[in-house]
Amino acid sequence: MRSDEFYMHRALEAAREAMELDEVPVGAVVVNALGEVIGQGFNQPRSSLDPTAHAEVQALRMASLHVDNYRLSGCTLYVTLEPCMMCLGAMITARVDHLVYGAPEPRTGMIQSRANLIDQPWFNHRLSHRGGVLAAASRRLLKAFFDARR
């Protein structure tokens, strides 16, 4: 099995695609238990006129189509930025087993930054998580994007 860093590099590649479309550079990939990337996505809410078109949701949609099921048991989602409430809810609904993310998101992050929503007892599904994987690279990409807009 490849390392978390290997898959996070794939998510960073997707984030760069978002940046090319003038979207906030966040990328995500879904990896199955065999180590295959079965879904990938990047932020597209502006270009798609869809407020739900976050990188994680895009990757989950592609993975669900790949396995022909909305449940993604046995899968890991890699994303370059700490997920928001909507994206965490989508991961729980999809029954993703594990989440790996890069940089913390101080405004809307629901794993460590604003709340510890992921570990609340009322959810019907639990997923393990690891943060900080290639966080510096994720932060640099975000900083470059926002610096260019100012």
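Trainee: Leaving aside its neighbours within four places in sequence, which residues is Gly41 in contact with?

Mentor: In this predicted model, Gly41 touches Ala14, Val26, Gly27, Ala28, Ala55, Gln58 and Ala59. Each of these counts as a contact because heavy atoms lie within 4.5 Å. Gly41 itself belongs to strand E2. Its C-alpha also lies 9.1 Å from that of Glu17, although the two are 24 residues apart in sequence.

Trainee: Why is Gly41 called buried?

Mentor: The relative accessibility of Gly41 is 4%. The term buried applies under 20%, so Gly41 meets it.

Trainee: What makes strands E1 and E2 a pair?

Mentor: Five bridges join E1 (residues 27-31) to E2 (residues 37-42). Pairing requires at least two bridges, so E1 and E2 qualify. The two strands run antiparallel, and Val31 stands opposite Val37 in E2. Five residues lie between the strands of this hairpin, where Gly35 takes a positive phi near 85°.

Trainee: Which residues does UniProt list under "binding site"?

Mentor: The unreviewed UniProt entry lists His54, Cys84 and Cys87 under that heading. They span 34 residues in sequence, yet no two of their C-alpha atoms are more than 9.4 Å apart, so the three gather at one spot. From this set, His54 and Cys84 take part in the lining of the second largest pocket.

Trainee: Why is His54 called partly exposed?

Mentor: His54 has a relative accessible area of 22%. Buried would require a value under 20% and exposed a value over 50%, so His54 falls in between. It is placed in the loop between helix H2 (45-48) and helix H3 (55-67). Neighbours within four places in sequence aside, the contacts of His54 are Phe42, Asn43, Pro45, Cys84, Met86 and Cys87.

Trainee: What makes Cys84 and Cys87 buried?

Mentor: Cys84 has 15% relative accessibility, and Cys87 has 0%. The limit is under 20%, so both residues count as buried. Cys87 is part of helix H4 (residues 85-94). Not counting residues up to four places away in sequence, it touches His54, Glu56 and Val57.

Trainee: How do you know that Cys84 and Cys87 are not joined by a disulfide?

Mentor: The cysteine sulfur closest to that of Cys84 belongs to Cys87, at 3.7 Å. A disulfide needs the two sulfur atoms within 2.5 Å, so this separation is too far for a bond. Cys87, likewise, is in no disulfide. The structure as a whole holds zero disulfides.

Trainee: Why is the pair of Phe6 and Tyr7 called edge-to-face?

Mentor: The ring centres of Phe6 and Tyr7 are 5.1 Å apart and the planes stand at 85°. Rings pair if their centres lie within 6.5 Å, and planes over 60 degrees apart count as edge-to-face, so both conditions are met. The structure holds four aromatic pairs. Phe6, Tyr7 and Tyr78 form one aromatic cluster.

Trainee: How are Phe6 and Tyr7 classed, buried or partly exposed?

Mentor: Phe6 stands at 31% relative accessibility and counts as partly exposed, whereas Tyr7, with a relative accessible area of 1%, is buried. The reason is that 31% lies between the limits of 20% and 50%, while 1% is under 20%.

Trainee: What makes the phi values of Asp68 and Arg95 worth noting?

Mentor: Most residues other than glycine have a negative phi. Asp68, however, has a positive phi near 60°, and Arg95 has a positive phi of about 65° although it is not a glycine. Asp68 is found in the loop between H3 and strand E3 (76-81). The place of Arg95 is in the loop between H4 and strand E4 (98-103).

Trainee: How are Asp68 and Arg95 classed, exposed or buried?

Mentor: Asp68 has a relative accessible area of 71%. That value is over 50%, so Asp68 is exposed. Arg95 has a relative accessible area of 16%. That value is under 20%, so Arg95 is buried.

How values were computed:
Residues numbered from 1 in each chain as written. Predicted model: local features only at pLDDT ≥ 70, side-chain atom pairs only at ≥ 80, totals over all residues. Heavy atoms only, no water. UniProt positions renumbered as here; feature names shortened; annotations may be inferred. 1 Å grid on protein atoms, 1.4 Å probe; cavity = no way out; pocket = protein on both sides within 12 Å on 5 of 7 lines; lining within 4 Å. Helix = DSSP H or I, 4+ residues; strand = E, 2+ residues; numbered from the N terminus. Buried < 20%, exposed > 50% of the residue type's maximum accessible area, 1.4 Å probe, protein only. Phe/Tyr/Trp six-rings, centres within 6.5 Å; stacked < 30°, edge-to-face > 60°.
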